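Hi,

Here is the structure I said I'd pass on. Have a look, and my notes follow below.

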Number of protein chains: 2
Amino acid sequence: MTHQRRLLIQIIQSAESHLDAIALWERARGQDPTLNKVTVYRTLAMLKKYGLVDELDLMHLEGGKHFYEAKASRGHIHLACLKCGRIQEFESSLFEKLKGQIERQRRFSIKVVRVEAGGYCDKCREQ
Amino acid sequence: MTHQRRLLIQIIQSAESHLDAIALWERARGQDPTLNKVTVYRTLAMLKKYGLVDELDLMHLEGGKHFYEAKASRGHIHLACLKCGRIQEFESSLFEKLKGQIERQRRFSIKVVRVEAGGYCDKCREQ
DNA sequence: GTACTTGCAAAGATTTTGCTTCCAA
DNA sequence: TTGGAAGCAAAATCTTTGCAAGTAC
């Protein structure tokens with residue numbers, strides 16, 4: 001556990017929004033200007049591998065980058081507005097049931113699930 | 001409707017597996033060796049924009065590329081085995097219910113949904 | 001004829017790798 | 001002290017852009 005990792009983990013956990021690798025790097029550089037971009041990628045890969053962060057694409061509203069969030073105790077769905085770009089989160093017991101159904105019917109042991117919906121949010125659909 | 005587009009669409013629709021941009025390009029070049037990679041990217045962007053193909057990440061088992069499939073009448077979930085890399089598809093009425101719940105509760109008009117699960121398939125979990 | 005599409009080359013962006021140095025345990 | 005981690009530079013991917021030439025309708 002190096003201080004670089006501690007810093008990156010702390011930024012991810014306290015982030016109010018989903019950060020991509022570069023945004024994470026820029027925040028980290030505020031605290032430690034010598035921290036290298038490669039370290040960010042390597043740390044994210046490790047956290048992802050151990051299931052400590054979830055990787056999101058958020059429907060690729062801004063190109064091919066990935067976003068990261070600390071693993072939540074309860075799974076949630078991301079709703080990305082294709083017009084204004086707002087990201088909402090949505091929790092549902094149906095989602096939990098769906099996961100259970102997959103595990104039982106396919107005998108598939110789920111480690112991570114990503115649900116992302118693209119569409120128009122309540123504000124944008126009225127316009 | 002150019003012959004390049006016709007060819008690319010035909011390959012996507014008849015593909016037995018999910019193709020990424022480069023794989024699609026390679027297949028297309030078999031028929032039309034002059035077809036450019038850029039045309040593939042542009043055509044995929046157009047098909048995606050008009051909702052004719054779905055873009056998948058399949059948990060990024062092989063790096064940051066995207067995979068494409070012709071839009072199916074019924075939505076389905078992709079299960080990616082983190083060990084052997086096999087991709088399974090899964091259909092469920094719970095998934096349809098979940099979409100309806102999101103549309104009603106959040107007044108969010110869904111255009112595309114992507115559900116991808118990573119984990120261990122029945123064969124790999126036993127080892 | 002004209003607006004849209006393609007091909008080509010080059011650039012941009014993201015992510016990975018090799019290797020040396022450094023540091024946490 | 002030592003194995004893993006960080007930094008640096010460079011490469012490897014993947015994707016987008018500008019522009020001239022071509023083509024569907």
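B:Glu55 has B:Tyr68 in S3(B) as its bridge partner. S3 covers residues 67–70 of chain B and runs antiparallel to S2(B), with four bridges joining the two. (Strands here are DSSP E runs of at least two residues and helices are H or I runs of at least four, numbered from the N terminus; two strands pair if DSSP finds at least two bridges between them.) The sheet is open and three-stranded, in the order S1-S3-S2, with S1 (19–20) and S2 (53–56) at the edges.

A caveat: this is a predicted model, where local features need pLDDT of at least 70 and side-chain atom pairs count only at pLDDT 80 or more, while totals for chains, interfaces and linings use all residues. Residues are numbered from 1 along each chain as written, chains are lettered from A and ligands numbered from 1 in written order, and side-chain values use heavy atoms, without hydrogens or water.

Now the DNA. There are 17 residues around DNA strand C, and A:His66, B:Thr2, B:Gln4, B:Thr39 and B:Arg42 come nearest (near means a heavy atom within 4 Å). H3(A) gives the most to that surface, four residues. By polar contacts (N or O pairs within 3.5 Å):

- B:Thr2 puts a polar side-chain atom 2.9 Å from a phosphate oxygen of strand C.
- B:Arg42 has a side-chain N or O atom 2.8 Å from a base oxygen of strand C.

Of the strand C atoms within 4 Å of the protein, 65% belong to sugar or phosphate, the rest to bases.

Cheers

Methods: Polar contact = N/O pair within 3.5 Å; in protein donor to acceptor, adjacent residues only side chain to side chain.
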